[in-house]
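Subject: Structure handover

Hello,

Here is the structure I said I would pass on. My notes on what was found in it follow below.

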Amino acid sequence: MDYQPQPPPSSDPSPSPSDRPPGITSPETPSNNQNHEIEDIMACVTALEAALLPCLPARELQAIDRSPHPSHQSQSLFLSLDLHFTVENKKAMASCLVIDSLEVVCSFLLGLVCAIEYYYFDVERHARDFMEAAKKLQLYFMGLKRENHAPTRAESLRKEISVMEEELKTKEELIKKHSRLIQESQKLVKEQIEKHRVELEKLHSYIHMRTTWGGLALQWHVLCHDASYLRIHVMPRLFTADIAAFYETYYTNKGVKIIKGTVASGFTAHPNGEVNEVQLKDGRSLEADIVIVGVGAKPLTALFKGQVEEDKGGIKTDAFFKTSVPDVYAVGDVATFPLKMYGDMRRVEHVDHSRKSAEQAVKAIKAAEGGGAVEEYDYLPFFYSRSFDLSWQFYGDNVGDSVLFGDSNPSNPKPRFGAYWVQDGKVVGAFMEGGSGDENKALAKVAKARPAAESLDDLTKQGISFAAKI
């Protein structure tokens, strides 16, 4: 066979489109046809290798390097086979060693076979060389195949977008779930607000009175229940006549009728058991749809009669609310305790004292268990009440002379006035209607400090400013 040498390769490893045979594409943009060509070439090389293996002796087979090496993988492969050709033939064959397509490889193989037949070289040695070159060729095309299978930039972006879309979908579902929870919570809050609003509207239709009024509410009537109060103003144990006059007039202006000089003696009812009338001791009767009874209370001490020491209608205790019986304590309205600031024993009926006395007793018990001690109970008497738009607070003791200051006109929409009680030249009690938080705190300081008062007239002129100076 005649071997026709091919033109030498150009310096550019990638032939131009005009030089490339029809149907052959550039390695940078592999087509499906080229992928098939690569696979065909690899199959051809493998078949040739298998055919030549029997030609080699065992010692030569062991010397062949059949392991892949990264240096063998390049996009342009130049195979140098030392076939002991003439210089002219080597130069002629060099142009065939840059493999770009199946046609070029086939031409190369055909020319090689022709050269072998023409020159009669050592078949075994050159078969081994050929197998090594075939192995390199196979590794090259395997590298091209891996490059063809690598994802493109567009494919990578599409994959990233798909992952982000999945994350966005998960977050949207989580947002919807939280939105439902928020809506349910808002609905529940609205229901609770509406429920409490209805309850407040119901309560607003009644007169708010504390048990300290010592009266009985009958529709819009208030009756004194104690014979000693029949001809006296309301709340005589705390209010002065001037203070009581304000509240009596204020309630009257609101439609409440206060009846003095008699007490309730009984009730009549409808057949269904609902109240119908209130019978008064003077023979009169008052129609009523509802009756609120506020007659005060007495401490229940009969259970402990003869077992603990009593004083002033209550169970006598020390400053830590310990009774005369070891490990027995009494707190709240039932306890008669030493009122330190006044130096005498008293029983106080108020929720503020009930809470604070219980706290003092617990502290004393815990301290005794741990071998410690607590300070003595030093309580400042405190009372308050709220009704209609009114709100008053009282601190200290209501003994001695009293002075009234401020605006006590019950016709004013926001009355604001107060009073001081003076005993032995010292202010011992303070009262304020419509006072602010700071003003009420100032009154508490006055009652606790018991400052000297120059004169009652001076207190009347200074009013709340006197307390603010303390």
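A place to begin is F337, which stands opposite R346 in β11. Please keep in mind throughout that this is a predicted model.

The sheet around that position

F337 falls within strand β10, which covers residues 335–339. Strands β10 and β11 run antiparallel and are joined by 3 bridges. Both belong to an open sheet of 4 strands, ordered β8-β9-β10-β11, with mixed pairing. At its edges are β8 (310–311) and β11 (344–346), each of which pairs on one side only.

Strands β13, β15 and β16

Another set of pairings centres on β16 (426–433). Strand β13 (390–396) is joined to β16 by 5 bridges, and the two run antiparallel. Within this pairing, G396 stands opposite G429 in β16.

Strand β15 (416–423) also pairs with β16 in the antiparallel sense, here over 7 bridges. Y420 stands opposite A430 in β16. The two strands β15 and β16 make a hairpin with 2 residues between them, and D424 there takes a positive phi near 55°.

How far is β16 enclosed by the rest of the structure? Of its 8 residues, 7 are buried, so the strand is largely enclosed.

Helix α9

Helix α9 spans residues 437–449, which makes 13 residues. From the first C-alpha to the last it reaches 19 Å, close to the 18 Å expected at 1.5 Å a residue. Its buried residues are E439, N440, A442, L443, A444, V446 and A447. What covers them includes the strands β13, β15 and β16 described above, together with helix α11 (464–468). After α9 comes R450, and its phi is positive, near 50°.

Aromatic rings

A pair of aromatic rings is described by the distance of the centres and the angle of the planes. The structure holds 21 such pairs. One of them is formed by Y377 and Y379, which are stacked, with 5.7 Å from centre to centre and 5° between the planes. Both residues are buried: Y377 has a relative accessible area of 6%, and Y379 has 2%.

Y420, already mentioned for its place opposite A430, forms an aromatic pair with F466. This pair is edge-to-face, at 5.6 Å centre to centre and 75° between the planes. Which parts does the pair tie together? Y420 lies in strand β15 and F466 in helix α11, so the pair links parts that are 46 residues apart in sequence. Y420 counts as buried because its relative accessibility is 0%, under the 20% cut-off. F466 is buried too, with a relative accessible area of 10%.

There is also a cluster linked by ring pairs, made up of F239, F246, Y247, Y250, Y251, F388, W392, F417 and F431. F388 has a further neighbour of another kind: the charged end of K254 sits over its ring, 5.8 Å from the centre.

Where to look when you open the model

The hairpin of β15 and β16 is a convenient starting view. From there, Y420 leads to F466 and helix α11, and α11 in turn is among the elements that cover the buried residues of α9. The ring cluster can be found through F388, with K254 placed over that ring.

Regards

Conventions
Residues numbered from 1 in each chain as written. Predicted model: local features only at pLDDT ≥ 70, side-chain atom pairs only at ≥ 80, totals over all residues. Heavy atoms only, no water. Expected span 1.5 Å × (residues − 1). Buried < 20%, exposed > 50% of the residue type's maximum accessible area, 1.4 Å probe, protein only. Contact = heavy atoms within 4.5 Å. Phe/Tyr/Trp six-rings, centres within 6.5 Å; stacked < 30°, edge-to-face > 60°. Lys NZ or Arg CZ within 6 Å of the ring centre and 35° of its normal. Pairing = 2+ DSSP bridges.
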